[in-house]
Amino acid sequence: MTVRPLAEADFTAEAPVLVVGGGACGLIAALTARDAGCEVVVLERDPVPSGSTALSSGFIPACGTRFQASAGIEDPVALMADDIQRKNGGQADPAIVEAVCRRSGRTIDWLAERWGLPFVLLDGFLYPGHSVRRMHAHPERTGAALLGALLNAAEAAGVDIVGNARVSALYADTDGRIGGVRIERPDGGGEDLGCQASVLACNGYGGDPAMVRTHIPEMADALYFGHTGNRGDAVRWGETLGGEAVHMTAYQGHGSVAHPHGVLITWALMMEGGIQVNREGRRFSDEHHGYSEQAVSVLAQPDGIAFNLYDQRLHDLGLGFDDYRAADKAGAVRRFENLDAIASALDLPIAALAQTVEHAARCARGETTDPFGRDFTGQPELQPPYYAVRVTGALFHTQGGLRIDADARVLRRDGTALPNLFAGGGAACGVSGSQVWGYLSGNGLLTATTLGHIAGEQAARLAAEA
Ligand SMILES: Cc1cc2nc3c(=O)[nH]c(=O)nc-3n(C[C@H](O)[C@H](O)[C@H](O)COP(=O)(O)OP(=O)(O)OC[C@H]3O[C@@H](n4cnc5c(N)ncnc54)[C@H](O)[C@@H]3O)c2cc1C
């Protein structure tokens, strides 16, 4: 049973706040609670936290930060909220969108000023759907570096992180008040820990193939690129407690994973002029709609394969990204003197390929328009030598989850809040609406960081009152 009666618990230790999961959401929740003077324990199923956060690119969208101010960028909350809602067709709860956007700048500035996390504001290109530059990243531009910096901060703050501690059940009274959790150890041992408040930061269900097949069958056979330990526990617990899982069909896909190398190829290449063609040498979509929905478009092509096609200028841009350099080193990125060479090496029909590239060039020159609706003007046409990468579509993380309020409290079906249970990051319903195309770049770490901040603050307040 995933939720057990409180009367069955045999607590061997207690902490005011227990956080389940040690990714960005859990660590930020813990840092926030510590900042409020509250003792907090993070329970993590892995020996050392990594989560999807460490696998990610680590790009966090935020508005009104001091990094944007230094770059002369104005980014009011309403602009960011509009970008998010435009992408998802207005499907996300406006109160949550407003809450995470409003909190986003504060979270980044606080992480930088209070905990010394180094951030840079990404430049050189805009991610699809963002009106201004608002992606913040660790200078190394990797999620592993972001997670490492959060772990260092947590250590400095005195956060107790317990590894090899899979939370297998919550203990609750009949009111839904959480009294503690059950942890299971890899050696089969276990322990009950008590708390005043608890934060679910154990992400979504991408690591549970049966749940993926149920909710997003189109991705059931696709590569899963996220953390395999994220198995939908938060949703199961929350539903048992009377909570509601919403937008379970939503997820972040990616249409640009080098195949068979399994390395992410940055979408900046597409945003700055690159194109995707299928085995027939034809484009099949507007690459600027977003990389998430492009996963589905790529998987719908013959053999579920596409080729990213670009040139030296874009190759040089890609080399600024850790993943891209890794792909290059692994031999996924191939250089060709001309289109004939691409066609013969990759077995693409030369006539169709040449026509596709020429059509994109005419679009870039403003001589014609793209039938898929992409605006090619503003970027130079592709020039030889060319570069090509064989890619496929993948599932990165799920976006559906527990319905929460703007204080990150888990809500019951009737809209009332459970007394002392909070959720953030992939454990909570995101701000992408119900479909893959609703994901605006960065929605994942946006809700992980901001809801972690909000949940940690609220859980600490509740624990102090108790
Ligand atoms: C390749 C890739 C690239 C990405 N790039 C970006 C990006 O640039 N920007 C962006 O915004 N988003 C990105 N994302 C999405 C982003 O990684 C996630 O949205 C974000 O990391 C979620 O953070 P989290 O803290 O909720 O979950 P996680 O970081 O996954 O942490 C959850 C933790 O909970 C632990 N856990 C699970 N169940 C239990 C349990 N029962 N008991 C104890 N512990 C448990 C897990 O082991 C894990 O450590 C990317 C995702 C992938 C896969």
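This report walks through the ligand site, a small sheet and the salt bridges of a predicted model.

**Around the ligand**

Let's start with the ligand. It is surrounded by 41 residues, and the closest are Glu44, Ser52, Thr53, Asp233 and Leu445. By character, the shell around the ligand divides into 16 nonpolar, 20 polar and five charged residues.

Several elements supply at least two residues each to this shell: helix H1 (24-35), helix H2 (51-55), strand E8 (166-172), helix H8 (233-240), strand E18 (386-398) and helix H15 (443-465). The largest share, four residues, comes from H2.

The protein backbone also meets the ligand. A nitrogen atom of the ligand is 3.1 Å from a polar backbone atom of Arg45, and a ligand nitrogen is likewise 3.1 Å from a polar backbone atom of Ser57. At Leu445, a backbone N or O atom lies 2.7 Å from an oxygen atom of the ligand. On its own the ligand has 1000 Å² of accessible area, and the protein covers 98% of that.

**A three-stranded sheet**

Next comes an open sheet of three strands, in the order E4-E6-E5, with antiparallel pairing. Strand E4 (60-61) and strand E5 (120-121) are its edge strands, each pairing on one side only. E5 pairs with strand E6 (residues 135-137) over two bridges, in the antiparallel sense. For Leu121, the bridge partner in E6 is His136.

**Salt bridges**

The count of salt bridges comes to 28. Here are three of them.

| Pair | Closest N to O distance |
|---|---|
| Arg66 and Glu113 | 2.8 Å |
| Glu293 and Lys87 | 2.7 Å |
| Glu244 and Arg403 | 3.0 Å |

Take Arg66 and Glu113, whose side chains meet in a salt bridge. Arg66 belongs to helix H3 (residues 66-70) and Glu113 to helix H5 (residues 94-115), so this pair ties together parts that are 47 residues apart in sequence. Arg66 is partly exposed, at 38% relative accessible area, while Glu113 counts as exposed at 54%.

Are Glu293 and Lys87 buried or exposed? Both Glu293 and Lys87 are buried. Their salt bridge links distant parts of the chain, with Glu293 in helix H10 (residues 291-299) and Lys87 in helix H4 (residues 77-87), 206 residues apart.

The salt bridge of Glu244 with Arg403 joins two loops. Glu244 lies between H8 and strand E12 (245-246), and Arg403 between strand E19 (401-402) and strand E20 (409-411), so the pair ties together parts 159 residues apart in sequence. Arg403 is partly exposed, at 26% relative accessibility.

Finally, salt bridges that share partners join Glu358, Arg362, Arg365, Glu367 and Glu381 into one network.

Terms used
Residues are numbered from 1 along each chain as its sequence is written. This is a predicted model: local features need pLDDT of at least 70, side-chain atom pairs count only at pLDDT 80 or more; totals for chains, interfaces and linings use all residues. Side-chain values use heavy atoms; hydrogens and water are left out. A residue is near a molecule or strand if one of its heavy atoms lies within 4 Å of it. A polar contact is a pair of N or O atoms within 3.5 Å; within protein, one must be able to donate a hydrogen and the other to accept it, and residues adjacent in sequence count only if both atoms are side-chain atoms. Accessible areas come from the Shrake-Rupley method with a 1.4 Å probe; for residues, only the protein chains shown count as cover. Ala, Val, Leu, Ile, Met, Phe, Trp, Tyr, Cys and Pro count as nonpolar, Asp, Glu, Lys and Arg as charged, and the others, Gly among them, as polar. Two strands pair if DSSP finds at least two bridges between them. A salt bridge is a side-chain nitrogen of Lys or Arg within 4 Å of a carboxyl oxygen of Asp or Glu. Buried means under 20% relative accessible area, exposed over 50%, partly exposed in between (1.4 Å probe, protein chains only).
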